[in-house]
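Please open the structure in your viewer and keep the sequence beside it, so that each selection can be followed in both places. The tour goes from one selection to the next and says what is found at each stop.

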Amino acid sequence: MNAFVIDTFEFCRTNSSREGVTPVAEMTRLAKECANASGEIAWKAVGSTHKLGFPQMTLSVNGTVQLVCQRCLQPYAHHLDSSTVLMLGKDDEQADEIEETIDDESIDVIVGSRSMELMYLVEDEALLALPQSPRHDVCPDSSLLDKAKSEKISPFDALKSLTPNK
């Protein structure tokens with residue numbers, strides 16, 4: 001994965017922005033969650049200052065990944081389109097204070113850094129955008145599911161085959 005190490009505080013103070021496209025294959029944590037490593041994630045990071053004076057970064061990801069449907073167990077293309085606002089604290093204590101001050105569930109408060117790997121944040125955002133239980137809207141081939149339903153075996157059937165110890 002391309003290394004984009006940034007000073008998050010300077011990035012926000014100077015209203016910097018960075019964007020790019022990264023193959024899923026280069027995002028190892030994301031690739032592990034996918035059916036295969038095909039696809040790309042377009043991303044953008046924009047630094048700014050919140051109206052209360054806190055540094056903040058808007059992070060967006062957009063792309064298609066291959067996931068495994070939990071109903072039919074077949075791979076399918078899932079489109080990611082997510083954006084989040086990250087507000088930065090200098091340490092855990094300040095991050096907690098910021099969170100209490102802004103009292104806004106739509107903004108995530110993290111501890112910033114003078115040398116943070118931007119792609120780590122991008123990959124985090126892509127991971128958070130994945131569905132908890134990936135599924136087709138309508139499964140194209142339900143034969144595996146139908147077969148599993150028709151072959152339901154009672155857990156007690158296995159007990160019947162056991163012979164008692166004498």
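## A walk across the sheet

Begin by selecting strand S2 together with strand S3, residues 40–49, which pair in the antiparallel sense over seven bridges. Keep in mind during the whole tour that the model is a predicted one. To see one of these pairings, pick Arg18, whose bridge partner in S3 is Ala45.

Next, add strand S4 to the selection: S3 and S4 run antiparallel and are joined by nine bridges, and within this pairing Ala42 stands opposite Asn62 in S4. If you follow the chain from S3 into S4, you pass along a hairpin with five residues between the two strands, and in its turn Gly53 has a positive phi of about 95°.

Now add strand S5, which runs antiparallel to S4 and is joined to S4 by 13 bridges; here Val65 has His78 in S5 as its bridge partner. S4 and S5 also form a hairpin, this time with six residues between them, and Leu73 in that turn has a positive phi of about 65°.

With S6 added as well, you have the five strands of an open sheet, arranged in the order S2-S3-S4-S5-S6 with mixed pairing. Which strands stand at the edges? They are S2 (17–23) and S6 (107–111), and because each has a single partner strand, one side of each is left without a neighbour in the sheet. Turn the view slowly and compare adjacent strands, which are turned by 25° against each other on average, if direction is ignored.

## Helices on the sheet

Select helix H3, residues 92–102, which packs on the sheet and touches strand S5 (75–89) and S6, its direction making about 165° with that of S6. Then select helix H4, residues 118–128, which lies across S2, S3, strand S4 (55–68), S5 and S6 and runs at about 55° to S4.

While H4 is selected, look for Tyr120, which has its place in this helix and, at 46% relative accessibility, counts as partly exposed. Although Tyr120 and Phe4 are 116 residues apart in sequence, their C-alpha atoms are 9.2 Å apart in space.

## Inside the cores

Nonpolar side chains tend to be buried together in soluble globular proteins. The largest nonpolar core here has 31 residues, and those with the most contacts inside it are Leu30, Ile41, Met57, Val65 and Leu118. Two or more residues of this core come from each of helix H1 (8–13), S3, S4, S5 and H4.

Select Val65 and display its surroundings: leaving aside neighbours within four places in sequence, its contacts include Val24, Leu30, Cys34, Ile41, Tyr76 and Leu130. Afterwards, move to a second, separate core of seven residues, among them Phe54, Met87, Ala95 and Ile102.

## Last stops

Return to strand S2 and select Thr22, which lies in that strand. Is Thr22 buried or exposed? With a relative accessible area of 3%, Thr22 is buried, and its side chain makes a polar contact with the side chain of Trp43 at 3.0 Å.

Finally, select two cysteines: Cys12 is buried, with a relative accessible area of 0%, and Cys34 likewise counts as buried, at 11% relative accessibility. How many disulfides does a search of the whole structure find? The search finds zero disulfides.

Key
Residues are numbered from 1 along each chain as its sequence is written. This is a predicted model: local features need pLDDT of at least 70, side-chain atom pairs count only at pLDDT 80 or more; totals for chains, interfaces and linings use all residues. Side-chain values use heavy atoms; hydrogens and water are left out. Two strands pair if DSSP finds at least two bridges between them. Helices (H or I, at least four residues) and strands (E, at least two) are DSSP runs, numbered from the N terminus. Axes are lines fitted to C-alpha atoms, for helices over the stretch in contact, and angles run from 0 to 180 degrees between N-to-C directions. Contact means heavy atoms within 4.5 Å. A nonpolar core is a set of buried Ala, Val, Leu, Ile, Met, Phe, Trp, Tyr and Cys residues joined through side-chain atoms within 4.5 Å. Buried means under 20% relative accessible area, exposed over 50%, partly exposed in between (1.4 Å probe, protein chains only). A polar contact is a pair of N or O atoms within 3.5 Å; within protein, one must be able to donate a hydrogen and the other to accept it, and residues adjacent in sequence count only if both atoms are side-chain atoms. A disulfide is a pair of cysteine sulfur atoms within 2.5 Å.
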